[in-house]
Amino acid sequence: SSCAACEEEMPRNATCCTRCALPLETPAPLCGRCIRHAPPWDAAWAPFRYEWPLAQLESRFKFGGDLAAGRTLSLLWSASRAPHDLPAAIVPVPLHPSRLRKRGYNQALELAKPLAKRFGVPVMHDALRRTRATHAQTELTAIQRRRNVRGAFAVNADGDVPEHVAVLDDVFTTGATLAECVRVLKRAGVQRVEAWALARAPART
């Protein structure tokens with residue numbers, strides 16, 4: 001279990017856009033971007049804001065091979081209040097095989113497992129695959145991020161995908177990766193797709 005003091009320090013994403021989970025200064029149903037241009041997913045859930053100290057833990061988990069940090073993060077996530085209408089399956093954003101070999105694990109899949117257990121929802125870890133290696137999104141602008149992931153995912157043809165799924169990633173920054181996964185799943189006939197992430201990055205000015 002994670003200690004209460006550590007849990008208290010975590011930046012919760014309580015006031016956010018109902019559609020894309022963007023942290024907002026004051027409560028509003030939608031952020032300006034979602035009003036202008038509805039995203040491809042049907043709803044988003046990101047219980048935390050991507051800020052200190054969660055950002056440091058996440059970085060140790062993702063890039064430092066610190067699986068204990070990952071366990072803490074998934075415990076924090078599973079202790080968060082879940083959306084009312086749970087999906088039939090959780091689809092973690094896949095890593096390209098070359099990245100997976102280098103890192104040794106897919107951080108999205110590791111975060112998905114405890115959530116799936118808690119909600120009694122299966123993880124479809126092979127529903128999507130990465131068809132090409134992409135550059136790390138970290139240093140890219142929003143437009144570059146969209147171009148970087150365009151056409152990078154495919155639905156495994158033999159995968160019988162349910163009508164309602166959640167695509168899960170660790171951090172939701174511009175939403176480019178999640179959006180691309182959502183589009184691919186919707187093209188494959190999935191009716192409702194949600195974007196789930198542990199943490200949502202604040203808007204870039």
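A salt bridge here is a side-chain nitrogen of Lys or Arg within 4 Å of a carboxyl oxygen of Asp or Glu. Keep that handy for the exercises.

This is a predicted model, where local features need pLDDT of at least 70 and side-chain atom pairs count only at pLDDT 80 or more, while totals for chains, interfaces and linings use all residues. Residues are numbered from 1 along each chain as its sequence is written, and side-chain values use heavy atoms, with hydrogens and water left out.

**Exercise 1. Work out how Lys113 and Glu110 pair up, and how they sit in their helix.**

Step 1: check the distance. The two side chains form a salt bridge, 3.4 Å from N to O.

Step 2: place them. Both are in helix H6 (residues 107–119), and because they are 3 residues apart, about one helical turn separates them. (Helices are DSSP runs of H or I with at least four residues, strands are E runs of at least two, and both are numbered from the N terminus.)

Step 3: look at burial. Buried means under 20% relative accessible area, exposed over 50%, and partly exposed in between, with a 1.4 Å probe and protein chains only. Lys113 comes out at 42%, so partly exposed; Glu110, at 27%, is partly exposed as well.

**Exercise 2. Describe the salt bridges of Arg60 and Lys62.**

Step 1: the search of the whole structure turns up 7 salt bridges.

Step 2: Arg60 meets Asp66 at 3.1 Å, N to O. Arg60 has a relative accessible area of 46%, which makes it partly exposed, and Asp66 is partly exposed at 21%.

Step 3: Lys62 pairs with Asp170, at 3.1 Å from N to O. This bridge ties together distant parts of the chain, with Lys62 in helix H3 (residues 54–63) and Asp170 in strand E6, 108 residues apart. Both Lys62 and Asp170 are buried.

**Exercise 3. Find out what surrounds Arg103, a buried residue without a salt bridge.**

Step 1: locate Arg103 in helix H5 (residues 97–103).

Step 2: look for a partner. The nearest side chain of opposite charge belongs to Asp170, 5.9 Å away. (Lys and Arg count as positive, Asp and Glu as negative; His and the chain ends are not counted.)

Step 3: look at the backbone. Arg103's side chain reaches the backbone oxygen of Lys62 at 3.3 Å.

Step 4: list the contacts, meaning heavy atoms within 4.5 Å. Skipping residues up to four places away in sequence, Arg103 touches Lys62, Phe63 and Leu95.

**Exercise 4. Take apart the largest nonpolar core.**

Step 1: define it. A nonpolar core is a set of buried Ala, Val, Leu, Ile, Met, Phe, Trp, Tyr and Cys residues joined through side-chain atoms within 4.5 Å.

Step 2: find its hubs. The core has 35 residues, and Cys20, Trp41, Val165, Val167, Phe172 and Leu185 touch the most other members.

Step 3: trace the elements. Two or more residues each come from strands E3 (89–92), E5 (153–155), E6 (164–172) and E7 (192–200), and from helix H8 (176–187). H8 contributes the most, 7 residues.

Step 4: zoom in on Val167. Leaving aside neighbours within four places in sequence, its contacts include Val91, Leu178, Leu185, Val193 and Trp196.

Step 5: spot the other core, which lies apart and has 24 residues, including Tyr105, Ala112, Ala116 and Val121.

**Exercise 5. Sum up the overall fold of the protein chain.**

Step 1: count 8 helices and 7 strands.

Step 2: check burial, which covers 49% of the 205 residues.

Methods
A polar contact is a pair of N or O atoms within 3.5 Å; within protein, one must be able to donate a hydrogen and the other to accept it, and residues adjacent in sequence count only if both atoms are side-chain atoms.
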